[in-house]
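Student: Please take one part of this predicted model and look at it closely. Then connect it to the rest of the chain.

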Amino acid sequence: MSVPHRYLLVWSGSDFPPVARLAVDSVLAVDPMAQVDVYAFGALPAGGEFWAMAADDRVAIVPSDAHAVFAQLPADVAAHCAAAFDAVPPSALSARSNLLRYALLYLHGGVYIDFDAVVLRPLPQLVGYIPPDYLGTRRSRQRWRET
């Protein structure tokens, strides 16, 4: 088992705070073989910080359309994903992003990270510590305090 060097991120929204770039920069810093694909949905950020990420040849910014992504899924799944996406209010960016990330991982493989994550060590170091069928989740801040 190996951890791929392909990282996927999803961005929705016209504003891109400079701190969000840390996720991409941290991947590039710890994994010299990394390929980072940033899928941008909706209005693209106008700020230069967003587009500056693509100055590194290991980063691709991919302007995307949700329905075009779902259309690439198997036919028996595509319509359900598109309907679920359309049922989620446009203001619920995180919920819509969940549907998009699962579809992108299915289509392209790799490792998904959020823009509020910072990678501290190369992910291949995790091999042997996690079961091969593990799907990572994040506990809420409140839950972390309780445990």
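**Helix H5 and its surroundings**

Tutor: Start with the inward side of H5. Its buried residues are Arg-96, Ser-97, Leu-100, Arg-101, Ala-103 and Leu-104. Each of them has under 20% relative accessible area. A general point about helix geometry helps in reading that list. An α-helix has 3.6 residues a turn, so residues three or four places apart point the same way.

Now the helix as a whole. H5 runs over residues 93-108, which makes 16 residues. From first C-alpha to last, H5 reaches 21 Å, close to the 22 Å expected at 1.5 Å a residue. After H5 comes Gly-109, with a positive phi near 70°.

What do the buried residues of H5 pack against? Their partners are strands E1, E2 and E4 (111-112), together with helices H3 (66-71) and H4 (75-87). One of the buried residues, Arg-96, also has a ring partner. Arg-96 sits over the face of Phe-85, 4.0 Å from the ring centre. Leu-104 of H5 also belongs to a nonpolar core of 16 residues, and Val-69, Cys-81 and Ala-82 are among its other members.

The loop between H3 and H4 holds Pro-74. Its relative accessibility is 30%, so Pro-74 counts as partly exposed. Pro-74 and Leu-107 are 33 residues apart in sequence, yet their C-alpha atoms are 9.9 Å apart in space.

Next, the strands that H5 packs against. E1, E2 and E4 belong to an open sheet of 4 strands, in the order E3-E2-E1-E4, with parallel pairing. E3 and E4 are the edge strands, each with a single partner, so one side of each has no neighbour in the sheet. E1 and E4 pair in the parallel sense over 2 bridges. Tyr-7 has Val-111 of E4 as its bridge partner.

Strand E2 contains Asp-37. Is Asp-37 buried or exposed? Its relative accessibility is 6%, so Asp-37 counts as buried. Setting aside residues up to four places away in sequence, Asp-37 touches Arg-6, Tyr-7, Leu-8, Leu-9 and Ala-60.

Leu-9 leads to the largest nonpolar core. That core has 24 residues, and those with the most contacts inside it are Leu-9, Val-24, Val-36, Val-38, Phe-50, Met-53 and Phe-115. E1 (6-12), helix H1 (21-30), E2 (35-41) and E3 (59-64) each supply at least two of its residues. H1 gives the largest share, 5 residues. The 16-residue core with Leu-104 lies apart from it.

Look at Leu-9 in detail. Beyond its neighbours within four places in sequence, Leu-9 is in contact with Ala-23 and Val-24. Its contacts also include Val-36, Asp-37, Val-38 and Tyr-39. Tyr-112, Ile-113, Asp-114 and Phe-115 complete the list.

Rings come next. The chain has 6 aromatic pairs. In one of them, the ring centres of Phe-16 and Phe-50 are 5.0 Å apart and the planes meet at 75°, so the pair is edge-to-face. Phe-16 lies in the loop between E1 and H1, and Phe-50 in helix H2 (residues 48-52), so the pair ties together parts that are 34 residues apart in sequence. Both of these residues, Phe-16 and Phe-50, are buried. Phe-50 and Trp-51 make another edge-to-face pair, at 5.1 Å centre to centre and 85° between the planes.

How exposed are these two neighbours? Phe-50 has 0% relative accessibility and so counts as buried. Trp-51 has a relative accessible area of 36%, so it is partly exposed. Together, Trp-11, Phe-16, Phe-50, Trp-51 and Phe-115 form one aromatic cluster. Two of these, Phe-50 and Phe-115, are also among the residues with the most contacts inside the largest core.

Finally, the whole chain. It has 6 helices and 4 strands. Along the sequence they follow the pattern β-α-β-α-β-α-α-α-β-α. Of the 147 residues, 35% are buried. Among contacts with a separation of 6 or more, 68% join residues 24 or more positions apart.

Methods. Residues are numbered from 1 along each chain as its sequence is written. This is a predicted model: local features need pLDDT of at least 70, side-chain atom pairs count only at pLDDT 80 or more; totals for chains, interfaces and linings use all residues. Side-chain values use heavy atoms; hydrogens and water are left out. A nonpolar core is a set of buried Ala, Val, Leu, Ile, Met, Phe, Trp, Tyr and Cys residues joined through side-chain atoms within 4.5 Å. Buried means under 20% relative accessible area, exposed over 50%, partly exposed in between (1.4 Å probe, protein chains only). Contact means heavy atoms within 4.5 Å. Rings of Phe, Tyr and Trp (its six-membered ring) pair if their centres lie within 6.5 Å; planes under 30 degrees apart count as stacked, over 60 as edge-to-face and the rest as tilted. A charge sits over a ring if NZ of Lys or CZ of Arg is within 6 Å of the ring centre and within 35 degrees of the ring normal. The expected span of a helix is 1.5 Å times one less than its number of residues. Two strands pair if DSSP finds at least two bridges between them.
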